[in-house]
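Let's take a walk through a protein together, starting with the empty spaces inside and ending with single residues. Keep the 3D view open and turn it as you read.

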Amino acid sequence: MREGNLIDGRWVGADSGATFEVSDPATDRVVGRVPDAGADEARRAVDAAFGAFSAWAAKPAIERAKVLEALSARLAGDREELAALLTEEQGKPLPEARAEIDYARSFFEVSAKACQEIRDETPSVPGKKVLVHRRPIGVAAAITPWNFPMAMLAKKIAPAMAVGCTQVLKPAEQTPLSAIALLDRAMASGVPPGVLNLVTGDPAAIGSAWLEDPRVRKLSFTGSTDVGRILMRGAATNLQRLSLELGGHAPMIVFEDASVDFAVEMAMAAKYRNGGQTCICPNRFLVHRSLHDQFVSKFASRSAALVSGRGRDPGIALGPMIDDAAIDKVEAHVADAIQQGATVVTGGRRRRIEGLADRFFEPTVLTDCHSGMRCWKEETFGPVCPIRGFDDETEALAQANDSEYGLASYVVTNDPARIRRLGDELRTGIIGVNDPGPAVAAVPFGGVKHSGFGREGGRWGLEEYLEMVTVSSLEPGAE
Ligand code: ADP
């Protein structure tokens with residue numbers, strides 16, 4: 001396994017030779033050591049990306065698409081090995097890691113097709129011939145989080161590479177090994193040196209070096225709203241274009257016409273993926289009063305039956321929280337809710353597992369929740385499900401929209417008129433209607449309000465890496 005940074009096609013260490021450790025969150029065992037790089041290495045990565053840009057951008061789309069397809073095929077071939085690595089550094093159950101590799105691949109497949117469908121436009125203007133042309137924006141930077149270390153990177157690499165951009169990439173310090181493995185497969189699939197460059201190390205130093213460099217024309221970031229704000233301020237000097245996929249606080253609304261069993265299935269599928277460490281997973285459950293008690297009892301008993309443990313072991317549904325800060329936050333949110341009057345229906349505490357790190361939390365269902373509680377206002381990022389009843393659609397909608405975030409929301413209903421209304425009125429970028437998994441590579445993914453802006457997925461994802469140029473010529477003989 002490689003443990004270096006990738007700059008101009010070469011695997012290198014930090015200038016100082018320093019490294020930092022990567023450990024398995026389930027056991028605290030050290031599983032790798034990667035370069036602790038900073039601004040100098042980050043700038044050299046930009047040199048490489050800048051140098052490689054013209055040749056990569058000049059390739060016909062079909063040639064770039066072939067490289068993306070080759071990479072997808074290689075990821076498929078190495079699926080087991082990559083999934084095992086992902087589980088080891090991130091903690092998620094192995095079947096989820098496999099699904100993440102497949103999800104990552106789908107971005108290369110979708111982008112390979114979409115880049116061949118980009119066309120110039122020719123608006124009609126009297127006396128002129130006008131061409132609206134799209135060209136790659138140039139060097140693009142990407143900074144990614146630890147919750148989907150392979151997929152988040154793929155979401156950013158695939159569209160950028162497809163349209164002819166070159167990139168500098170920084171994965172999260174908790175999960176750099178999946179990123180290194182992905183870039184290793186990329187190089188083996190025919191990506192030319194300098195097209196993809198990876199730097200691990202000091203986040204602020206690397207991020208600032210990229211934003212201070214006028215050759216970097218775009219930054220795509222997935223992570224917390226606070227860091228998104230820092231990066232947006234940093235982009236003010238050189239006016240880099242931004243895509244920011246920030247925090248979420250998704251409501252799930254169960255209406256009175258829903259089947260309780262279906263709603264419970266949907267809640268289980270949407271909520272517990274990655275132990276609730278997913279930016280689009282439901283964080284607040286609004287259940288019509290006529291179904292409330294039945295929903296709570298079935299959801300709690302299904303939740304309580306989930307088995308926690310090491311992601312690589314069979315039958316595990318919940319892995320560890322990523323680090324101590326993460327589990328401390330989950331615990332603090334639950335304590336705050338209880339102190340403010342919430343009822344614990346199931347869970348509510350850490351789950352100690354013999355021989356493993358103290359980083360597992362019980363699947364937790366809370367009722368009698370209200371908007372003063374931290375878990376109702378902030379992203380908990382753990383297996384905690386606060387529930388509250390409602391009487392009518394107006395009340396449910398007002399509560400659902402009462403958040404500074406606007407990434408995803410979920411609705412369980414069979415009423416077509418209501419579905420149309422909510423499509424207009426729910427202030428989120430993604431709405432899952434009877435659908436626990438609305439995020440697929442072919443459709444736009446992204447938020448509104450403090451969840452950020454920009455979209456990943458499909459041709460919309462490619463547009464984030466294209467700039468428009470209007471070429472206007474006077475027709476011969478026109479005034
Ligand atoms: P989380 O709280 O989920 O870890 P963060 O927003 O802190 O989310 O981290 C997401 C990504 O942003 C990671 O790759 C992290 O290293 C990076 N990051 C954190 N702080 C900064 C910063 N000041 N500048 C650039 N990147 C940063």
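What volume does the largest cavity have? Before answering, please keep in mind that this is a predicted model. Rolling a probe the size of a water molecule over the atoms shows where empty space is left. When the whole structure is searched, four cavities of 30 Å³ or more turn up. The largest cavity has a volume of about 60 Å³.

Which residues should you pick out to find the largest cavity on your screen? Try R284, A400, Y405, G406 and T428, which lie nearest its centre among the 14 residues of the lining. You can also look for whole elements: strand β12 (250-254), helix α13 (393-401) and strand β17 (405-406) each give at least two residues to the lining of the largest cavity. As for the kinds of residue in that lining, six are nonpolar, five are polar and three are charged.

Now let's turn from the largest cavity to the largest pocket. The space in the largest pocket comes to about 980 Å³. Its lining has 40 residues, and W146, F221, G223, S224 and V227 are the closest to the pocket's centre. Four elements each give two or more residues to this lining: α7 (203-211), β10 (216-222), α8 (225-234) and α11 (324-339). Which of the elements supplies the largest share of the pocket lining? That is α8, with seven residues. Sorted by class, the pocket lining holds 19 nonpolar, twelve polar and nine charged residues.

Next, zoom out until you can see the whole chain. Its secondary structure adds up to 15 helices and 22 strands. Measured out along its principal axes, so to speak, the C-alpha trace spans about 75 × 60 × 40 Å. Why can we say that the chain agrees with a compact globule? The chain has 479 residues, and a compact globule with that number would have a radius of gyration near 23 Å; the protein chain has 23 Å, so the two agree.

How is the chain divided between inside and outside? Of the 479 residues, 55% count as buried. The chain exposes about 18600 Å², and carbon and sulfur atoms supply 52% of that area. The contacts tell us how the sequence is brought together in space. Take the contacts between residues at least 6 apart in sequence: 73% of these join residues at least 24 apart.

With that overview in hand, let's visit a few single residues. Begin with K155, which sits in helix α5 (residues 151-163). Is K155 buried or exposed? Its relative accessibility is 3%, and buried means under 20%, so K155 counts as buried. Leaving out residues up to four places away in sequence, K155 touches Y103, F107, F445 and E456.

For a contrast in setting, go to T27, in the loop between β3 (19-23) and β4 (30-35). T27 counts as partly exposed because its relative accessibility is 25%. Apart from residues up to four places away in sequence, T27 touches R310, L356 and A357. How far is the C-alpha atom of T27 from that of G91? The two residues are 64 apart along the chain, and their C-alpha atoms are separated by 9.3 Å.

D78 offers another such pair. This residue lies in the loop between α2 (61-77) and α3 (79-90), and at 22% relative accessibility D78 counts as partly exposed. D78 and I101 are 23 residues apart in sequence, while their C-alpha atoms are 9.4 Å apart in space.

Our last stop concerns the backbone angle phi. Which value of phi does D8 have? D8 has a positive phi of about 55°, although it is not a glycine. You will find D8 in the loop between β1 (5-7) and β2 (10-12), and its relative accessibility of 33% means that D8 counts as partly exposed. D368 has a positive phi too, of about 60°, and it is not a glycine either. The place to look for D368 is the loop between β15 (364-367) and α12 (374-377). With a relative accessible area of 48%, D368 is partly exposed.

Notes: Residues numbered from 1 in each chain as written. Predicted model: local features only at pLDDT ≥ 70, side-chain atom pairs only at ≥ 80, totals over all residues. Heavy atoms only, no water. 1 Å grid on protein atoms, 1.4 Å probe; cavity = no way out; pocket = protein on both sides within 12 Å on 5 of 7 lines; lining within 4 Å. Points joined across faces, edges and corners; volume = space filled by probe spheres on them. Nonpolar A, V, L, I, M, F, W, Y, C, P; charged D, E, K, R; others polar. Rg over C-alpha atoms; globule rule 2.2 N^0.38 Å. Buried < 20%, exposed > 50% of the residue type's maximum accessible area, 1.4 Å probe, protein only. Contact = heavy atoms within 4.5 Å. Areas by Shrake-Rupley, 256 points an atom, 1.4 Å probe, with all protein chains shown as cover.
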